[in-house]
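Thank you all for making the time this morning. I would like to walk through one model with you, slowly, and I will put the sequence and the structure up before I say anything about them.

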Protein chains: 4
Amino acid sequence: MSEAKDGTRPPIQPPNADEPDRNARAAWRVRLHEIIFEADTPAGWWFDVGLLVAIVASVVVVMLDSVASIRAEHGRTLLAAEWFFTLLFTVEYILRLLCVRRPASYALSFFGIVDLLSILPTYLSVLIPGAQGMVVIRSLRLLRLFRVLKLTRFVGEARQLRHALAMARTKITVFLSVVVTVVVIAGALMYIVEGDASGFTSIPRSMYWAVVTMTTVGYGDIAPVTPLGQFIAALMMILGYALIVVPTGIVSAEIAEARRGRRSTQHCSHCGLDDHELDAVFCRRCGDRL
Amino acid sequence: MSEAKDGTRPPIQPPNADEPDRNARAAWRVRLHEIIFEADTPAGWWFDVGLLVAIVASVVVVMLDSVASIRAEHGRTLLAAEWFFTLLFTVEYILRLLCVRRPASYALSFFGIVDLLSILPTYLSVLIPGAQGMVVIRSLRLLRLFRVLKLTRFVGEARQLRHALAMARTKITVFLSVVVTVVVIAGALMYIVEGDASGFTSIPRSMYWAVVTMTTVGYGDIAPVTPLGQFIAALMMILGYALIVVPTGIVSAEIAEARRGRRSTQHCSHCGLDDHELDAVFCRRCGDRL
Amino acid sequence: MSEAKDGTRPPIQPPNADEPDRNARAAWRVRLHEIIFEADTPAGWWFDVGLLVAIVASVVVVMLDSVASIRAEHGRTLLAAEWFFTLLFTVEYILRLLCVRRPASYALSFFGIVDLLSILPTYLSVLIPGAQGMVVIRSLRLLRLFRVLKLTRFVGEARQLRHALAMARTKITVFLSVVVTVVVIAGALMYIVEGDASGFTSIPRSMYWAVVTMTTVGYGDIAPVTPLGQFIAALMMILGYALIVVPTGIVSAEIAEARRGRRSTQHCSHCGLDDHELDAVFCRRCGDRL
Amino acid sequence: MSEAKDGTRPPIQPPNADEPDRNARAAWRVRLHEIIFEADTPAGWWFDVGLLVAIVASVVVVMLDSVASIRAEHGRTLLAAEWFFTLLFTVEYILRLLCVRRPASYALSFFGIVDLLSILPTYLSVLIPGAQGMVVIRSLRLLRLFRVLKLTRFVGEARQLRHALAMARTKITVFLSVVVTVVVIAGALMYIVEGDASGFTSIPRSMYWAVVTMTTVGYGDIAPVTPLGQFIAALMMILGYALIVVPTGIVSAEIAEARRGRRSTQHCSHCGLDDHELDAVFCRRCGDRL
């Protein structure tokens with residue numbers, strides 16, 4: 001899995017095997033690569049689970065640190081935990097760089113950048129000290145939350161979902177264009193109809209309201225008060241209600257299609273075509289009996 | 001139904017039938033077991049319906065008791081009703097223990113524990129008296145609401161739904177992981193962007209807001225006020241809108257699949273067609289008897 | 001359409017045709033019945049359209065009358081319109097009674113009662129006069145809104161939808177039972193956790209909040225303020241989000257099934273079975289060629 | 001694409017080709033028509049992309065102009081940009097009129113009117129000057145937002161979605177009738193039950209609340225406060241929840257149906273099977289060439 005994603009190749013079977021020194025180094029690198037990047041050996045599996053626990057724990061630390069009352073009481077403990085996890089992930093990052101064949105391509109891959117971003121902010125918080133820098137540091141530190149993205153690496157089935165979404169992509173794009181157009185027009189309309197009194201102070205703000213309404217979130221921080229505005233809003237809601245139906249139908253059909261697509265595993269012995277329907281008796285390309 | 005669920009076996013056909021005394025006891029126990037655990041005899045059916053009514057009535061009593069004005073006026077009546085139902089369910093619990101072959105395995109089964117929890121709090125409220133203990137007692141008494149879970153025992157079709165959900169479980173897990181990741185990142189982002197002024201006082205609280213927003217509930221108790229925050233919120237809403245589409249499609253396809261499966265498993269021995277309706281006697285393609 | 005619904009039979013072909021007087025009356029009754037109850041003659045179609053317009057207009061009059069500023073200005077006009085429509089519908093009601101063969105069964109049918117309820121309140125407002133009765137009269141008059149139910153009489157396709165819903169009824173019942181159970185438990189839980197301060201003053205009120213939350217309406221009039229309450233609420237929202245998926249999948253599959261069920265119109269000339277799949281060549285019951 | 005939509009025909013192959021002068025003019029008109037109305041030549045493609053960018057930019061200018069703080073600071077720049085885009089779209093409009101064969105039918109087509117409406121308001125703002133006219137001008141100028149509708153012209157796939165919706169139109173109409181009826185009755189009911197205190201001041205306003213509730217938007221600007229009102233509202237929410245299920249199922253089935261329809265229309269002349277894949281050359285059942 002890691003190969004395609006990280007743009008790296010495991011250093012298995014080095015082409016010129018006549019350099020004993022390099023082979024020796026390759027041996028532990030291969031072993032390390034197996035542990036860190038693969039999940040099919042016991043050691044690799046335990047490494048992944050341990051990493052997962054560490055990521056979740058470090059995210060929880062950042063969360064707790066953001067609650068004022070908890071920071072006031074356990075600030076020191078949280079800071080220690082913060083540095084513990086940062087050092088742990090730094091070691092992990094260096095090991096990853098060491099054991100892949102082409103460190104540069106790993107470092108520039110998506111998860112390479114995420115891995116780096118998840119440790120940088122804590123180090124930066126030392127270089128940029130001072131009371132006034134506090135807020136900036138805190139926000140930088142939050143970037144470490146990107147660490148959570150690593151979680152998706154462990155989830156294999158996500159690919160199937162991505163595939164189903166990709167198939168319906170064009171239609172969903174059309175759908176989103178229509179939604180954006182409706183949001184712009186509805187926002188402008190409500191800006192004229194309602195005016196400043198009820199919170200529709202600008203078109204962008206009215207568009208924010210339109211999104212809040214059409215997605216049926218409905219905070220109520222901005223709400224129409226004039227009868228005309230309420231009438232337009234009611235129409236928009238029913239439209240938004242109708243809009244949710246279309247993409248649901250599209251994706252349902254797409255997934256059902258993909259599922260129905262489960263084909264016979266027979267191969268035509270004559271022409272080799274292997275994409276037959278389940279009830280096929282003859283090859284649909286060459287007419288040979290399957 | 002009760003056998004698998006309660007981990008008990010009705011004492012029908014005891015292995016050594018040469019003990020007349022034990023057989024005599026077994027007779028009324030078998031009869032009682034039939035009434036209490038089975039629903040296919042008239043007596044068993046009426047017992048189930050009566051129990052159902054009693055459960056609903058006792059839940060209504062607890063509800064009414066929580067309304068201050070009603071408790072002030074009808075407090076005594078409600079307390080009497082409370083004790084009436086508690087004693088009724090206690091008798092029922094003892095009878096259940098008596099008529100099953102292995103009382104221990106019933107007592108430790110899911111509904112055994114629920115049955116016990118639904119009567120315990122009322123008795124505990126006597127042991128822990130005093131004004132200051134009032135609130136605790138009231139909350140303990142509410143545990144009796146678990147009694148309502150018994151309702152599911154009477155609903156046979158729930159199993160089908162559970163099956164459909166179980167089939168889609170893996171995909172729904174993936175989906176929930178993505179949702180949790182998005183909620184964590186969105187929560188942290190809004191905490192930085194919006195700050196304390198608009199209610200985003202900590203990351204957990206921002207995550208609560210993210211869930212409220214992405215599920216389109218949208219209370220409005222916390223809502224973004226800065227243009228950037230509103231822009232991010234609008235993107236999140238459209239994303240949440242898109243997210244509802246995926247699991248809907250998955251479950252729809254899963255249920256449609258399960259339904260399509262309702263076909264005969266017969267094969268036509270002549271032409272091999274295997275997609276027959278359940279009542280088919282002859283192959284619809286070649287006319288051969290199945 | 002009207003026959004089954006109103007429980008009446010048009011007086012076509014009276015059994016004893018030798019009474020000239022009665023036959024003469026039957027003639028205009030048959031004609032009137034055709035106009036009022038059928039929609040397949042030009043006169044009948046125009047009657048239906050006219051009635052539809054009158055119903056909508058009378059509903060609009062009641063609506064406008066409820067707006068204080070409009071009633072203050074156009075009160076007299078609205079009262080006149082009110083009486084005009086009431087008299088119109090009274091005439092229609094009497095004509096309906098006259099032209100059906102069995103007036104009693106029409107009067108007791110669903111639409112017979114609706115027709116009566118839509119004219120009664122206006123007459124009652126004369127009998128119960130006085131300033132203090134005003135509010136009661138106004139509310140009685142609103143019952144005339146049931147007139148709008150007549151609209152459904154003109155919509156033929158509604159039957160198909162009802163059929164699809166009826167097929168999925170059992171499963172939807174199970175689903176609703178689960179929802180009610182979850183609502184009761186969640187309501188009780190939040191009542192204990194949140195208490196009076198944030199609006200959870202009783203279990204019924206907490207259950208109202210649970211419904212508002214799980215259906216993703218989310219008014220925000222009652223919202224959790226404690227961290228634990230917010231955590232439970234967030235779980236409930238995700239659960240509610242998941243719950244919408246199940247019935248959607250069920251109904252989608254049900255409708256798709258009904259649609260796929262579109263069968264061949266062929267009849268088996270041998271055994272008469274007419275429910276064949278589209279690609280059937282032989283009758284699946286008797287094996288005869290179709 | 002443009003032909004059917006704009007009701008115009010490109011002036012290719014003029015019937016009487018013996019007028020050299022007119023042919024000369026026709027030459028650049030044909031070329032211009034290709035660039036402006038077609039998107040399959042490089043020039044035409046670049047024209048479309050440039051126009052798209054200009055439309056989006058002009059919409060953004062109108063949006064920014066509506067934000068008070070931005071207008072205060074950059075008012076002059078925005079006004080200049082406004083006039084730049086207006087002149088640009090005016091030139092485009094004139095060119096469109098010049099190069100189509102029948103300018104009148106273009107001018108009266110949907111996009112002809114939209115194109116005109118998107119430039120008119122800016123010119124009108126000069127003719128209707130004065131401080132008191134400001135608001136009117138601003139609102140007129142907003143009509144230029146219809147320009148955004150042009151975007152849909154570039155989206156080809158929208159047609160497929162429209163088709164799927166058109167197929168389900170009758171059923172969606174029935175569904176909307178039921179929704180409107182429920183909204184009217186629920187609005188009237190809540191108007192009686194809740195009264196003026198909680199914001200249900202008139203039936204139309206109660207109907208607005210009913211739409212806000214049933215579409216699960218739930219602003220909370222109007223919310224029931226009496227126990228009975230909350231009970232009715234809870235029922236309505238569950239009903240609204242159920243209502244979203246039906247059209248979702250209908251559209252899902254409709255789209256799945258349309259998709260399944262993507263089959264070859266060929267019949268096997270030997271065995272008569274007609275459910276072949278599009279690339280099938282031989283019948284999959286009997287092996288005969290199609």
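Let me begin with a question about a single residue: does B:Val53 count as buried or exposed, and at what relative accessibility? Before I answer, please keep in mind that what you see is a predicted model, and that B:Val53 is to be found in helix α3 of chain B, the helix that covers residues 42–66. The answer is that B:Val53 has a relative accessibility of 55%, and because exposed means over 50%, this valine counts as exposed. If you then look for B:Val184, you will find that 131 residues of sequence lie between the two positions as a separation, and that their C-alpha atoms are 44 Å apart in space.

Let me turn to chain A and its overall make-up. The secondary structure of chain A amounts to 12 helices and 0 strands, so that anyone reading along the sequence meets α-α-α-α-α-α-α-α-α-α-α-α as the pattern. Chain A has 290 residues, and 48% of them are buried.

On the surface of chain A there is also a nonpolar patch, of about 280 Å², which is made by A:Ile113, A:Leu116, A:Leu117 and A:Leu120. Helix α6 of chain A, residues 110–117, gives the largest share of that patch, namely 3 residues, and A:Ile113 is found in this helix. A:Ile113 has a relative accessibility of 39%, and it counts as partly exposed because that value falls between the 20% below which a residue is buried and the 50% above which it is exposed.

Next come the salt bridges. As a general point, side chains of opposite charge can pair when their charged atoms come close. Over all chains of this model, the count comes to 4 salt bridges, and I will go through some of them chain by chain.

In chain B, B:Glu92 pairs with B:Arg96, with 2.6 Å between the closest N and O atoms. These two residues are 4 residues apart in helix α4 of chain B, residues 68–99, and therefore about one helical turn separates them. Both B:Glu92 and B:Arg96 are buried.

In chain C, a salt bridge joins the side chains of C:Glu92 and C:Arg96, at 2.7 Å from N to O. Both residues lie in helix α4 of chain C, 4 residues or about one turn of the helix apart. C:Glu92 counts as buried because its relative accessibility is 6%, and C:Arg96, at 2%, counts as buried too.

In chain D, D:Glu92 and D:Arg96 form a salt bridge whose closest N and O atoms are 2.7 Å apart, and helix α4 of chain D, residues 68–99, holds both of them, 4 residues apart. Here D:Glu92 is at 7% relative accessibility and so counts as buried, while D:Arg96, at 2%, is likewise buried.

Finally, let me go back to helix α4 of chain C and ask how it sits against another helix. Two packed helices are described by the angle between their axes and the distance between the axes. Helix α4 of chain C, residues 68–99, and helix α7 of chain C, residues 120–127, have axes that come within 9 Å and cross at roughly 120 degrees. The two helices are therefore oblique to each other, and the crossing of α4(C) and α7(C) is left-handed.

Methods. Residues are numbered from 1 along each chain as its sequence is written. Chains are lettered from A and ligands numbered from 1 in the order in which they are written. This is a predicted model: local features need pLDDT of at least 70, side-chain atom pairs count only at pLDDT 80 or more; totals for chains, interfaces and linings use all residues. Side-chain values use heavy atoms; hydrogens and water are left out. Patches are made of residues with over 30% relative accessible area and no salt bridge: like charges are joined within 9 Å, nonpolar side chains (Val, Leu, Ile, Met, Phe, Trp, Tyr) within 5 Å. Accessible areas come from the Shrake-Rupley method with a 1.4 Å probe; for residues, only the protein chains shown count as cover. Buried means under 20% relative accessible area, exposed over 50%, partly exposed in between (1.4 Å probe, protein chains only). Axes are lines fitted to C-alpha atoms, for helices over the stretch in contact, and angles run from 0 to 180 degrees between N-to-C directions. Angles under 35 degrees count as roughly parallel, over 145 as roughly antiparallel, 65 to 115 as roughly perpendicular and the rest as oblique. A crossing is left-handed if the near helix is turned anticlockwise from the far one by less than a right angle, and right-handed if clockwise.
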